Amino acid sequence: MSKPALCFMVDIESLGLDPHCLITVIAVTPFMSDHSWEGEPVKYNLNGSEQKNRTIDFNTVLWWFEQEDAAIKSMARSMRSGLNNRNMDMLLAMVYDLQARAGEFGFQLNACEFWFRGPQFDCVAIETLLKSLGIKAPWKYDMVCDLRTHMRSGGVTLDDVTPSRSFLKHDAGEDTLFQIECHRAAKQD
């Protein structure tokens with residue numbers, strides 16, 4: 001039997017849907033591919049005023065105001081917290097944290113899987129932001145994994161997964177935890 005892989009579930013919250021949207025927070029939660037271990041989410045709150053040439057979509061902003069009060073407050077906290085942060089510092093800290101976590105488990109970062117619920121959005125948005133700051137993405141292109149495809153292959157939909165804990169939709173950290181549960185459900189089928 002092969003050794004389980006160290007994985008990172010990644011989710012963002014943003015003010016748009018295109019590859020160059022303004023990102024307010026990136027959350028990353030480590031877990032083992034066999035689900036023998038799961039870490040806690042780490043959130044990196046970004047400074048919107050430092051994201052020059054990033055887009056804000058009016059319809060996405062309106063969508064945010066239609067969400068639960070707790071989700072709106074979570075987004076507002078992330079944005080307020082991000083005002084005190086330098087994006088370069090936060091993103092470099094994220095890369096360093098990922099490398100350190102991989103090393104703790106005896107992995108090289110380039111051997112870790114990075115899971116996104118739709119890499120065409122979250123992954124690409126992060127990569128364009130990193131590139132604009134001259135930072136290389138911490139994942140190898142062939143280690144980016146799509147949770148939606150995994151779920152479809154496992155015959156699992158979001159409605160099939162009952163969260164094991166109460167969670168707030170559209171809080172990036174809590175979303176990563178639910179997405180790991182979706183990964184587990186798809187793997188069991």
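**View 1. The order of the elements along the chain.** Start at the N terminus of this predicted model and walk along: the elements come as β-β-β-α-α-α-β-α-β-α-α. That gives the protein six helices and five strands. If you like to trace things yourself, begin with β1 (6-14), β2 (23-32) and β3, and finish with α5 (147-153) and α6 (172-188).

**View 2. The whole protein, zoomed out for a moment.** How far does the C-alpha trace span along its principal axes? The answer is about 50 × 35 × 25 Å. A compact globule with 189 residues would have a radius of gyration near 16 Å, and the protein has 16 Å, so the two agree. Of those 189 residues, 48% count as buried. The accessible surface comes to about 9900 Å², and 52% of that belongs to carbon and sulfur atoms. Now think about which parts of the chain meet: among contacts between residues at least 6 apart in sequence, 72% join residues at least 24 apart.

**View 3. The sheet and its edges.** Five strands make an open sheet in the order β3-β2-β1-β4-β5, and the pairing is mixed. Why is one side of β3 and one side of β5 left without a neighbour in the sheet? Both β3 (42-45) and β5 (144-146) stand at the edges, each with a single partner strand, so there is nothing in the sheet to flank the other side. Going from one strand to the next, the twist averages 25°.

**View 4. The antiparallel part of the sheet.** A quick reminder before zooming in: strands of a sheet pair through backbone hydrogen bonds, either parallel or antiparallel. Here β1 and β2 take the antiparallel option, over nine bridges. Look for C7, which stands opposite F31 in β2. On to the next pair: β2 and β3 are also antiparallel, with four bridges, and A27 stands opposite K43 in β3. Is β2 mostly covered or mostly uncovered? It is mostly covered, since ten of its ten residues are buried.

**View 5. The parallel part of the sheet.** How many bridges join β1 to β4? There are four, and these two strands run parallel. M9 is a handy landmark, as it stands opposite W115 in β4. Strand β4 (residues 113-116) also runs parallel to β5, joined to it by three bridges. In that pairing, F116 stands opposite D146 in β5.

**View 6. Two helices that pack on the sheet.** Helix α2 (residues 69-82) packs on the sheet and touches β1, β2 and β3. The direction of α2 makes about 60° with that of β3. Helix α4 (residues 122-132) packs on the sheet too, touching β1, β2, β4 and β5. Its direction makes about 80° with that of β1. So which strands do both helices touch? Check the two lists: β1 and β2 are in the one for α2 and in the one for α4.

**View 7. N85, tucked into a loop.** You'll find N85 in the loop between α2 and α3 (87-104). Is N85 buried or exposed? Buried: its relative accessible area is 18%, and the cut-off for buried is under 20%. A polar atom of the N85 side chain lies 3.4 Å from the backbone oxygen of S81. Which residues does N85 contact, leaving aside its neighbours within four places in sequence? They are N45, N47, E50 and M90.

**View 8. Two histidines with a positive phi.** Most residues other than glycine have a negative phi. H35 goes the other way, with a positive phi of about 65° although it is not a glycine. H35 sits in the loop between β2 and β3 and is buried, with a relative accessible area of 18%. H170 also has a positive phi, near 75°. Where is H170? Its place is in the loop between α5 and α6. With a relative accessible area of 23%, H170 is partly exposed.

How values were computed
Residues numbered from 1 in each chain as written. Predicted model: local features only at pLDDT ≥ 70, side-chain atom pairs only at ≥ 80, totals over all residues. Heavy atoms only, no water. Pairing = 2+ DSSP bridges. Axes fitted to C-alpha atoms, helices over the stretch in contact; angles between N-to-C directions. Contact = heavy atoms within 4.5 Å. Rg over C-alpha atoms; globule rule 2.2 N^0.38 Å. Buried < 20%, exposed > 50% of the residue type's maximum accessible area, 1.4 Å probe, protein only. Areas by Shrake-Rupley, 256 points an atom, 1.4 Å probe, with all protein chains shown as cover. Polar contact = N/O pair within 3.5 Å; in protein donor to acceptor, adjacent residues only side chain to side chain.
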